[in-house]
Amino acid sequence: MTELHILLQDLRPEDSLAKRHVWLIRLFEWLRAEASSAEAVAQRVKVVLDALEADPELAQRFRQWWAVLDEQVDASTLLADFGFAARSAFLSELGDRLRLRLLPMTPETNDSAELFSLVMNHPGDAKWIELLDGPTLQRLAQLLHVPGRKSMGSGLSRWQEELLQALQYCGSQIRAAGLSAEVRQRMDAQARQAEPFHGLASEVEQFCRVYVEAGQADVAVQDAALALKTRLDACRGAAQSVYAHLEDNGISVELVFILRQMRLRLLRMRELLDGLISSEAPAAAARLMAQLALRGQERRSIGALVSSSTSLLAAKMAERSAETGEHYITRNA
């Protein structure tokens, strides 16, 4: 009996939360084991699918296992918030990243972001996800399909429900940042009068309502998605106008951090939208997972934090409001 067959025989939907997560970690370790390249890992994914499809009872057990995991771990938290820094202070963020490196995380967690960090912890994970071909992604989508909750509307999968929820969470975060005093007061006059952030929540709600009622391929959904994308572009333009104020009045490290986080969240919202309206939904989901894997690596990287923070510090030291001829660091001995 091969190592993969032994692993698959250990699959039990009735196991405890921690045991189910440990099994998932073991599965991904097997995918990467002895794989010399991303192409080899992608090929091993096909081997797992072949093994499951060859045994209908095992495939059914896997679907039950996945449904239990999906029910107990809310993926919308991962989709909306994973990869974004919780704090703008360098030392606090450095402490968080050192903790992630030095202290092991527990598999006994309901936090989808923590579970994702435990499972997708290899620098090459994004690469092999991107290499999965269309037929393989279709097979994965069929295997991992979980019907949605009836409260959200008929015909939706659990994945679509989670994307819609993540879209709402992301939109609320962007709206809050855009309406904050430090951002609002530094926009140019035209952006402030247009009030792009005020209507963001209603655009998101409108899209979600139409999506649930009309279905993915409906023309009304495409129109609502276009309206929301236009709103996101307006929000991004308004946020970009703040930089002109910073150039004239001086750099604020905290404000630049807020603007960078807002830009990343706006990009995340576009990725979530693509996952909902794309005609190639499995491919869109794979692209989103690859992006999350990349963001996870950046989120754990101390070097990336130092690089980002030193660039902000350099901008702070060279800000336009400095006195002519003033030394950046000291005035006297």
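## Helix H7 and a buried aspartate

The buried residues of helix H7 are Ser112, Ala113, Leu115, Phe116, Ser117, Leu118 and Val119. They belong to a predicted model. Helix H7 covers residues 112–119, and because seven of its eight residues are buried, the helix is largely enclosed by the rest of the structure. At the start of H7, a side-chain oxygen of Asp111 comes to within 2.8 Å of the backbone nitrogen of Ala113.

The chain around this helix can be described by a few totals.

| Property of the chain | Value |
|---|---|
| Residues that count as buried | 43% of 333 residues |
| Contacts with a separation of 6 or more that join residues 24 or more positions apart | 75% |
| Exposed area | about 17400 Å² |
| Share of the exposed area from carbon and sulfur atoms | 53% |

As for secondary structure, the chain has 17 helices and zero strands.

A second place to look at is Asp15. This residue sits in the loop that runs between helix H1 (3–9) and helix H2 (17–32). Asp15 is buried, yet has no salt bridge. Why does Asp15 have no salt bridge, with Arg12 as the nearest side chain of opposite charge? A salt bridge needs a side-chain nitrogen of Lys or Arg within 4 Å of a carboxyl oxygen of Asp or Glu, and Arg12 is 4.7 Å away from Asp15, so the pair does not count. Leaving aside residues up to four places away in sequence, Asp15 touches Asp10 and Arg20.

Terms used
Residues numbered from 1 in each chain as written. Predicted model: local features only at pLDDT ≥ 70, side-chain atom pairs only at ≥ 80, totals over all residues. Heavy atoms only, no water. Helix = DSSP H or I, 4+ residues; strand = E, 2+ residues; numbered from the N terminus. Buried < 20%, exposed > 50% of the residue type's maximum accessible area, 1.4 Å probe, protein only. Lys, Arg positive; Asp, Glu negative; His and termini not counted. Contact = heavy atoms within 4.5 Å. Areas by Shrake-Rupley, 256 points an atom, 1.4 Å probe, with all protein chains shown as cover. Polar contact = N/O pair within 3.5 Å; in protein donor to acceptor, adjacent residues only side chain to side chain.
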